[in-house]
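Reader: I am new to this structure and would like a close look at one part of it, the sheet and what lies around it. Please begin with the chain as a whole and then work inward.

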Amino acid sequence: MNTTSVPADPTVPAVPAVPAVPTVRLNNGVEMPQLGFGVFQITDDETTAAVTAALAAGYRSIDTAAVYGNEAGVGRALAASGLPREELFVTTKLWNADQGYDSTLRAFDASLAKLGLDHVDLYLIHWPTPARDLYPDSWRAIERLTREGRVRAAGVSNFQPAHLRRLIDESGVVPAVNQVELHPGLQQAALRAFHAAHGIATEAWSPLAQGAVLDDPAITAIAARTGRSPAQVVLRWHLQLGNIVIPKSVTPSRIRQNLAVLDFELTTADMAAVTTSDRALRTGPHPDTFH
Ligand SMILES: NC(=O)c1ccc[n+]([C@@H]2O[C@H](COP(=O)([O-])OP(=O)(O)OC[C@H]3O[C@@H](n4cnc5c(N)ncnc54)[C@H](OP(=O)(O)O)[C@@H]3O)[C@@H](O)[C@H]2O)c1
């Protein structure tokens, strides 16, 4: 038997010992990474650098929206990465002004052109804007895009139970995902229970509350004990609740740090302690009244 060890080939980059990001199986069978990268409030130019850093760190899911004005910046980073399309998971969103059947189809075409893609993995109605009463028509258009294979999974964002119930009753199609504001300061227990009962995956936007929960005593105590940052503790809490998360950062060290949450666990007592941070802390608009 030959026991001579083969020296590592210095021309082959070492595969980082980072555990694979788990996926959530959506209600139509599509697998979505549970941890992705958000690009809200990043200029189009800066977005290319941020998404490039995220892809290099190991993120494969990117969350943008037409209204962020940076779909082209995302598209440039995806194209330059050389990663196979099937390894990427791209989400974008229909803006409020484009709601309605025909205008949704036109807005989707514009998003796709900016992204430089022939399909997206997840397309979301960004807000219900109930006073305009157009979300059922927008939903029918997204169902059509799904049938045509240009959208792999259809979902919504900022929908309350009444809006979800109406879509389900009128169309018979249950959204795959509802992306909502959710973090330790706004834990959305009732909405999460509704999602669980209907097979809708919960995706948390502003998962770090844009930093507003990072000095909560319950969170800093767990961070001190585990040797992790408060942001890592919060992201771990989300993952253990079953939420999909999309933290945003333009800071390369934070981009890497936010992904390095797959190799530790919060205890049952830690999870219960974070529950005490819940305080109706809404950092964004209220979905019932935002138009
Ligand atoms: N559907 C919707 O209506 C909706 C609304 C809002 C957001 N979203 C989506 O959700 C994504 C995330 O939400 P968000 O951008 O509002 O907020 P977030 O991810 O909760 O927080 C981002 C903020 O936290 C900072 N940060 C990131 N990692 C950190 C760390 N490890 N330690 C300390 N600070 C850290 C970032 O700073 P730096 O960037 O300076 O590092 C930035 O200021 C968005 O990008 C977007 O894709 C969706």
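Author:

**Overall size, then the sheet**

A compact globule of 291 residues would have a radius of gyration near 19 Å, and the protein chain has 20 Å, which agrees. The model is a predicted one. Along its principal axes, the C-alpha trace spans about 70 × 45 × 40 Å. Half of the chain is enclosed, in the sense that 50% of the 291 residues count as buried. Among contacts between residues at least 6 apart in sequence, 74% join residues at least 24 apart. The secondary structure consists of 10 helices and 10 strands.

The part you asked about is an open sheet of eight strands, with parallel pairing. Read across the sheet, the order is β3-β4-β5-β6-β7-β8-β9-β10. At the edges are β3 (37-38) and β10 (244-245), each of which pairs on one side only. In general, the strands of a sheet pair through backbone hydrogen bonds, either parallel or antiparallel.

One pair within the sheet can be followed in detail. Strand β5 (residues 89-94) runs parallel to strand β6 (residues 120-125), and four bridges join the two. In this pair, L94 stands opposite I125 in β6. Helix α3 (residues 101-115) packs on the sheet and touches β5, β6 and β7 (151-157). The direction of α3 makes about 140° with that of β6.

Next come two helices and the contact they share. The axes of helix α7 (residues 217-226) and helix α8 (residues 230-241) come within 8 Å and cross at roughly 105°. That crossing makes α7 roughly perpendicular to α8. On the α7 side, the residues that meet α8 are I219, T220, I222, A223 and T226. Their partners in α8 are P230, V233 and V234. By type, the residues of this contact divide into six nonpolar, two polar and no charged.

A last point concerns a residue in another helix, A53, which has its place in α1 (residues 44-57). Is A53 buried or exposed? Neither term fits, because its relative accessibility is 26% and A53 therefore counts as partly exposed; buried would require a value under 20%, and exposed one over 50%. A53 also shows how sequence and space can part ways: A53 and T251 are 198 residues apart in sequence, yet 9.0 Å apart in space, C-alpha to C-alpha.

How values were computed
Residues are numbered from 1 along each chain as its sequence is written. This is a predicted model: local features need pLDDT of at least 70, side-chain atom pairs count only at pLDDT 80 or more; totals for chains, interfaces and linings use all residues. Side-chain values use heavy atoms; hydrogens and water are left out. Axes are lines fitted to C-alpha atoms, for helices over the stretch in contact, and angles run from 0 to 180 degrees between N-to-C directions. Angles under 35 degrees count as roughly parallel, over 145 as roughly antiparallel, 65 to 115 as roughly perpendicular and the rest as oblique. Contact means heavy atoms within 4.5 Å. Ala, Val, Leu, Ile, Met, Phe, Trp, Tyr, Cys and Pro count as nonpolar, Asp, Glu, Lys and Arg as charged, and the others, Gly among them, as polar. Buried means under 20% relative accessible area, exposed over 50%, partly exposed in between (1.4 Å probe, protein chains only). Two strands pair if DSSP finds at least two bridges between them. The radius of gyration is taken over C-alpha atoms; the globule rule is 2.2 Å times the number of residues to the power 0.38.
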